[in-house]
Amino acid sequence: QQPVMLRGALTLLPQHPQLLAFEREFKGQRVLCAFNLSEQPATLRLPANISTVHVLTDAGLSGAQVQGMGHAESIEFSAWGALYAQVS
């Protein structure tokens with residue numbers, strides 16, 4: 001359902017000791033993919049070029065929550081939490 005996931009250019013987000021996070025972009029659509037690969041909670045600070053995050057709930061992933069007032073600032077992950085989200 002998401003061509004961006006198959007054909008999109010991949011950009012890794014800054015390295016984090018617990019998280020794997022990357023963005024896929026294709027024809028103006030951007031998707032953030034982020035995974036906590038740890039049994040400990042973790043926080044991902046979002047880069048300045050991401051201001052809005054719309055979590056794709058139909059992906060079946062859970063354990064992550066977007067934080068921020070007015071615009072997305074970070075994502076809080078529980079142990080083994082993950083998300084896919086459209087971003088802009």
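A polar contact is a pair of N or O atoms within 3.5 Å; inside a protein, one of them must be able to donate a hydrogen and the other to accept it, and residues adjacent in sequence count only if both atoms are side-chain atoms. Here is one to start with: a polar atom in the side chain of Ser-38 sits 2.9 Å from the backbone nitrogen of Gln-40.

Some ground rules before we go on. This is a predicted model, where local features need pLDDT of at least 70 and side-chain atom pairs count only at pLDDT 80 or more, while totals for chains, interfaces and linings use all residues. Residues are numbered from 1 along each chain as its sequence is written, and side-chain values use heavy atoms, with hydrogens and water left out.

## Two polar residues, Ser-38 and Asn-36

Let's stay with Ser-38, which you'll find in the loop between β3 and β4. (Strands are DSSP runs of E with at least two residues, and they are numbered from the N terminus.) Is Ser-38 buried or exposed? It's buried, because its relative accessible area is 14%, and buried means under 20%, with exposed being over 50% and partly exposed in between (1.4 Å probe, protein chains only).

What does Ser-38 touch? Contact means heavy atoms within 4.5 Å. Leaving aside neighbours within four places in sequence, Ser-38 is in contact with Gln-18, Ala-79 and Trp-80. If you look for Val-87, 49 residues away along the chain, its C-alpha atom is separated from that of Ser-38 by 24 Å.

Asn-36 belongs to strand β3. With a relative accessible area of 2%, Asn-36 is buried. Its side chain makes polar contacts with backbone: it reaches the backbone oxygen of Gln-40 at 2.8 Å, and one of its polar atoms lies 3.0 Å from the backbone oxygen of Ser-78. Not counting neighbours within four places in sequence, the contacts of Asn-36 include Gln-18, Leu-19, Phe-77 and Trp-80.

## A sheet of three strands

Now look for an open sheet of three strands, in the order β4-β7-β6, with antiparallel pairing. Two strands pair if DSSP finds at least two bridges between them. β4 and β6 are the edge strands, each pairing on one side only. From one strand to the next, the twist averages 20°, where axes are lines fitted to C-alpha atoms and angles run from 0 to 180 degrees between N-to-C directions.

Four bridges join β4 to β7, and β6 (residues 64-67) also pairs with β7 over four bridges. Which residue of β7 is the bridge partner of Leu-44? That's Ile-75, and Ile-75 is the bridge partner of Val-66 as well. Ala-42, meanwhile, stands opposite Phe-77 in β7. The hairpin of β6 and β7 has six residues between the strands, and Gly-68 there takes a positive phi near 145°.

## The nonpolar cores

A nonpolar core is a set of buried Ala, Val, Leu, Ile, Met, Phe, Trp, Tyr and Cys residues joined through side-chain atoms within 4.5 Å. The largest one has 16 residues, and Leu-32, Leu-44, Leu-46, Val-53, Ile-75 and Phe-77 touch the most other members. At least two residues each come from β2 (19-26), β3 (29-36), β4 (42-45), β7 (74-77) and β8 (82-87). The biggest giver is β8, with three residues. Another core lies apart from this one; it has five residues, including Val-4, Phe-22, Val-31 and Cys-33.

Phe-77 has a long contact list once residues up to four places away in sequence are left out: among them are Leu-19, Ala-34, Phe-35, Pro-41, Leu-44 and Leu-83.

## Aromatic rings

How many aromatic pairs does a search of the whole structure find? There are two. Rings of Phe, Tyr and Trp (its six-membered ring) pair if their centres lie within 6.5 Å; planes under 30 degrees apart count as stacked, over 60 as edge-to-face and the rest as tilted.

| Pair | Centre to centre | Angle between planes | Type |
|---|---|---|---|
| Phe-22 and Phe-35 | 6.3 Å | 35° | tilted |
| Phe-35 and Tyr-84 | 5.9 Å | 85° | edge-to-face |

Phe-35 in strand β3 and Tyr-84 in strand β8 are 49 residues apart, so this pair links distant parts of the chain. Phe-22 is buried, with a relative accessible area of 15%, whereas Tyr-84 counts as partly exposed at 24%. Together, Phe-22, Phe-35 and Tyr-84 form one aromatic cluster.
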